[in-house]
Amino acid sequence: MAEQALLDREDPEDAARYRLVLSGTIGVCLLIFAFGSALQSAVLDIGGKNIPVWHRLFANFVALALIVPGAWMLPIRTMSWRMRVPSLALLLIVGITARIGVERALGIHADGKLLPVPADTLPAAVAGIIGIIFGVAQAGYQDRLTQQARANARHALVAASALEALRAEERRVRREVADGLHGTLQQQLVLLSTRLRHTIDSLPPAEPSSATTAADLTWVKDELDRLRERDVRDMSRMLYPSGLDLGLSQASRMMLQRIPASIQVSARIDESVIAADDHSTGGIPFDLRLLATRVLEEGVANALKHGAANRLGVLLRVDEGDVLHIVVDDDGVGTSPSATESGLRLLRERLREHGGGLNLDSGPLGGLRLSADLPLTFGPEVPIGLSVST
């Protein structure tokens, strides 16, 4: 995958970031020392020579100008500690030596005495060592944070890829089982029903026992037909709702079209749903489409089965926060809490896993209102599984 290759390759910005933090930290420490030591020497008039402040500042800045660029240019990040320590020590020695030379050139130590040189140089060396230690520590810390963030991104990408593969496998299994129920199993049931009909037709009509046998076989044939027309098809749709590959709006319309014509249905699928489920931009993930379809099916089933509703109002829309809102209103007589909760408990748990929720209250049509909220961009998706209608 292209994303994986980008994560695996060494980011050239890492080395630059390391050098920036290292040289920047050393520079800040030495800058503080440069001003502090120069002002202190001027105030205390060390040596009694009344040396101008800018002389000492210039000497300090010469050392800073050598050490900081040197820390930037040296490949400290890729060096072993055996090489880091002497390299940084040599860099510090070069800077301090240059500082001493400038001080002598400016007459700060023009008397040629060596005693003031070590006493004046020792604080500079300590400041340089502290700056280097802080710089290496801070750069290493920032580098570890960067590498940890990259490792976390790599792990998240692997997890997302595995989850996508799991979802793809779930879709494949659902489709195969649904196609098997709709095709092979229904075909076998049709053949059995046809065979029973021929057997019934071949029984002698004059014998009493034949009439009893024919009645029993007719009952079995009718049950097989009901099983094929109702249970098998419903199970197939439950595994893989019709139109789900075409998007949530199409799957919702196809589900609502199965409602008996005697039920008045007012459905509004907002343009925001179509825009959010645009396949050219990725669309709504399969799991969320399936869950939303389950919620809509459950709301309609409860209204018709328990509420004896004659009128339904359905609304699907997506707000600016990428939250899908599903509303099902009915004019029914309501349902008992036990009957409702037994069918909605699983859906409520599934919605909660995705950061959503489900409520059941009185609605404007005189019956109940089922309202559900489903964030379309909430965390990792979880395989939905099956829901159970009441």
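**Exercises on cores, helices and rings**

**Exercise 1.** Find the residues that T25 touches, leaving out those up to four places away in sequence.

*Solution.* Beyond that stretch of sequence, T25 is in contact (heavy atoms within 4.5 Å) with G131, F134, G135 and Q138. The model is a predicted one, in which local features need pLDDT of at least 70 and side-chain atom pairs count only at pLDDT 80 or more, whereas totals for chains, interfaces and linings use all residues. Residues are numbered from 1 along each chain as its sequence is written, and side-chain values use heavy atoms, with hydrogens and water left out. Next, place T25 in helix α2, where helices (H or I, at least four residues) and strands (E, at least two) are DSSP runs numbered from the N terminus. Finally, T25 has a relative accessible area of 19% and is therefore buried, a class that means under 20%, with exposed being over 50% and partly exposed in between (1.4 Å probe, protein chains only).

**Exercise 2.** Describe the setting of V102, starting from its helix.

*Solution.* Begin with helix α4, residues 81–105, in which V102 is found. V102 counts as buried because its relative accessibility is 14%. Then look beyond four places in sequence, where V102 touches F58, A59 and V62. As a last step, compare backbone positions: R56 is 46 residues away from V102 along the chain, and their C-alpha atoms are separated by 8.9 Å.

**Exercise 3.** Work out which residues and elements build the largest nonpolar core.

*Solution.* The core (buried Ala, Val, Leu, Ile, Met, Phe, Trp, Tyr and Cys residues joined through side-chain atoms within 4.5 Å) has 31 residues, of which V295, L324 and I326 touch the most other members. At least two residues of this core come from each of α7 (248–256), α9 (286–305), β2 (311–318), β3 (323–330), α10 (337–353) and β5 (368–375), and α9 gives the most, with 7 residues. Taking I326 as the example, and setting aside neighbours within four places in sequence, its contacts are A292, V295, L296, L315, L316, L370, S371 and A372. A second, separate core has 20 residues, including V21, I76, I100 and I132.

**Exercise 4.** Determine how the buried residues of α7 are arranged and what covers them.

*Solution.* First list the buried residues of α7, which are L248, S249, A251, S252, M255 and L256. Seen down the axis of α7, these residues fall within an arc of 165° (taken from the directions from the helix axis to the C-beta atoms), so they line one face of the helix. Their cover includes β1 (264–269), α8 (271–276), α9, β2 and β3.

**Exercise 5.** Identify the aromatic pair in the whole structure and classify its geometry.

*Solution.* The search finds 1 aromatic pair, where rings of Phe, Tyr and Trp (its six-membered ring) pair if their centres lie within 6.5 Å, and planes under 30 degrees apart count as stacked, over 60 as edge-to-face and the rest as tilted. The ring centres of F35 and F61 are 5.7 Å apart and their planes stand at 85°, so this pair is edge-to-face. Because F35 lies in helix α2 (residues 12–44) and F61 in helix α3 (residues 53–73), the pair ties together parts that are 26 residues apart in sequence. As for accessibility, F35 is partly exposed at 39%, and F61 is partly exposed at 30%.
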